[in-house]
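Visitor: I would love a close look at the nonpolar interior of this protein. Could you walk me through what packs there, and then through the aromatic rings and some local backbone details?

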Amino acid sequence: MATLLHKPRLAERMSRLGTESAFEVLVRARELEARGHEIIHLEIGEPDFPTARHIVNAATDALQKGWTHYGPPAGLPQLREAVAEDVGRRRGIIVDPAEVVITPGAKPIMFFLILALIEKDDEVLYPNPGFPIYESMVRFVGAHAVPYALPEKHDFDVDVSEIVSKITERTRLIILNSPHNPTGGVMSRGQLASLAEALSISRANEIFVLSDEIYSRLIYEGQHSSLAQFPPMKERTIILDGFSKSYAMTGWRLGYGVMRPDLAQQIALLMTNSNSCTASFTQLAGVEALRGPQTCVEEMLSEFRRRRDLMVNGLNAIRGFRCRQPHGAFYVYPNIAGTGRSSREVAEALLTSAGVACLSGTAFGEWGDGYLRFSYANSIENIQKALDRIAGWAKKNL
Ligand SMILES: Cc1ncc(COP(=O)(O)O)c(C=O)c1O
């Protein structure tokens, strides 16, 4: 006989934890599919490509060879070395393996860093719209999440003067994300240089920067730049990056943080207290990803570029939609103010009436109203079909 379960008494902090609504939209889309609807998935933030064969082979080889045991909490030395070499070479900086911590996916770097640095009532600046976990984690530890905007008219680059104007005595951390989810915006070297200059004179050594560079390999024009490239900022910047997006390895759970060694030790201590370590055989696959052929990344990037162009041109031809050309990641972020409806309404109508799953800009913070996020991690054929459906919906309803 079923017993009635009482609701557990949860710690108060749980009421402050947010979520990622991409997963919720996916569940709703799957329910509609189970009822016979055909949905085109443009809500999901992961590459639709398989992980390259040589990387998969490295993992199966490692399993066969017995890499099935615990490893060091900060990561296997060979992967820490490969990451230090790769991060350093791509950004033109010197990185020591002692500055690298390997984690199961890059997300724990966000969580651990905020746990390690942020006290109750501290202030953390974060992009709004932005990856929803930033605000969630900051609120979870009892700190204040202070939003800054990414103006569409600046191609969704940061406005350094706004960031600087929001720094107070209690600011402890600034979160940057470039290339940016959800806008696809990329921080220019000029903006990074002026932010570095402003931060080097403002309460030096007290304000850290979490630089989320998980999309650093997915740049369509120019080169990726990082705040860590500006000398006084290197020791105050924590680079977050990983394998999920660059090598289509979301399900492997493999990421890393790069930071000064004393901080790296504290993050490793949080690993000891949580995951113990990252799976050993996936780490060896990570070494192969970084040191093996890079054609898989280049091919994925050129396919994404084709899809981006199709998406931007297609959306700009639809009444009520206005879409900038994003320079990185695999998202487009059209302004839909011209529809005269809220983002939530349009996202809902596209899902239920047009069979196209996308995310409301508000899934990334309140300042995302007036926008939608479409991921183009889907085939050209499906993207074209989705554009036709959206155009059909707009013709009928706007
Ligand atoms: C901006 C941003 N940072 C971090 C992550 C997390 O990456 P991982 O899957 O490696 O944990 C994501 C994933 O969607 C992301 O969009």
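Guide: Happy to; here is a walk from the cores to the rings, then to the surface and the backbone.

A word on the basis: this is a predicted model, in which local features need pLDDT of at least 70 and side-chain atom pairs count only at pLDDT 80 or more, while totals for chains, interfaces and linings use all residues. Residues are numbered from 1 along each chain as its sequence is written, and side-chain values use heavy atoms, with hydrogens and water left out.

Let us begin with the interior. A nonpolar core here is a set of buried Ala, Val, Leu, Ile, Met, Phe, Trp, Tyr and Cys residues joined through side-chain atoms within 4.5 Å; buried means under 20% relative accessible area, exposed over 50%, and partly exposed in between, with a 1.4 Å probe and protein chains only. The largest such core has 68 residues, and Leu173, Leu315, Phe321, Phe330, Leu350, Leu372 and Phe374 have the most contacts inside it. Apart from this core lies another, of 25 residues, which includes Ala52, Leu79, Val83 and Tyr247.

Leu350 deserves a closer look. Leaving aside neighbours within four places in sequence, Leu350 is in contact (heavy atoms within 4.5 Å) with Gly355, Val356, Cys358, Leu372, Phe374, Ile390 and Trp393. Arg389 sits in helix H12, residues 380-397; helices (H or I, at least four residues) and strands (E, at least two) are DSSP runs numbered from the N terminus. With neighbours within four places again set aside, the contacts of Arg389 are Glu38, Ile40, Ala354, Gly355 and Val356.

Now to the rings. The structure holds 14 aromatic pairs, where rings of Phe, Tyr and Trp (its six-membered ring) pair if their centres lie within 6.5 Å, and planes under 30 degrees apart count as stacked, over 60 as edge-to-face and the rest as tilted. Phe111 and Phe112 are a stacked pair, 6.2 Å centre to centre with 25 degrees between the planes. Phe112 is buried at 6% relative accessible area, whereas Phe111 is partly exposed at 32%. The Phe243 and Tyr247 rings have centres 5.9 Å apart and planes at 35 degrees, so this pair is tilted. Phe243 is buried at 1% relative accessible area, and Tyr247 is buried at 4%. One aromatic cluster is formed by Phe49, Tyr215, Phe304, Phe330, Tyr331 and Tyr376.

Another buried residue is Ser280, with a relative accessible area of 5%. Ser280 belongs to helix H9, residues 280-291, and beyond four places in sequence is in contact with Trp67, His69, Tyr70, Gly71 and Leu76.

For contrast, turn to Leu10 in the segment before helix H1 (21-34). Leu10 counts as exposed because its relative accessibility is 57%.

Finally, the backbone. The peptide bond joining Asn128 and Pro129 is cis, with omega about 10 degrees, and Pro129 lies in the loop between strand E3 (123-127) and helix H5 (132-140). A cis bond also runs from Ser178 to Pro179, with omega near -10 degrees; Pro179 is in the loop between strand E5 (171-177) and helix H7 (189-201). Asp155, although not a glycine, has a positive phi of about 60 degrees, and its place is the loop between strand E4 (144-148) and helix H6 (160-165).
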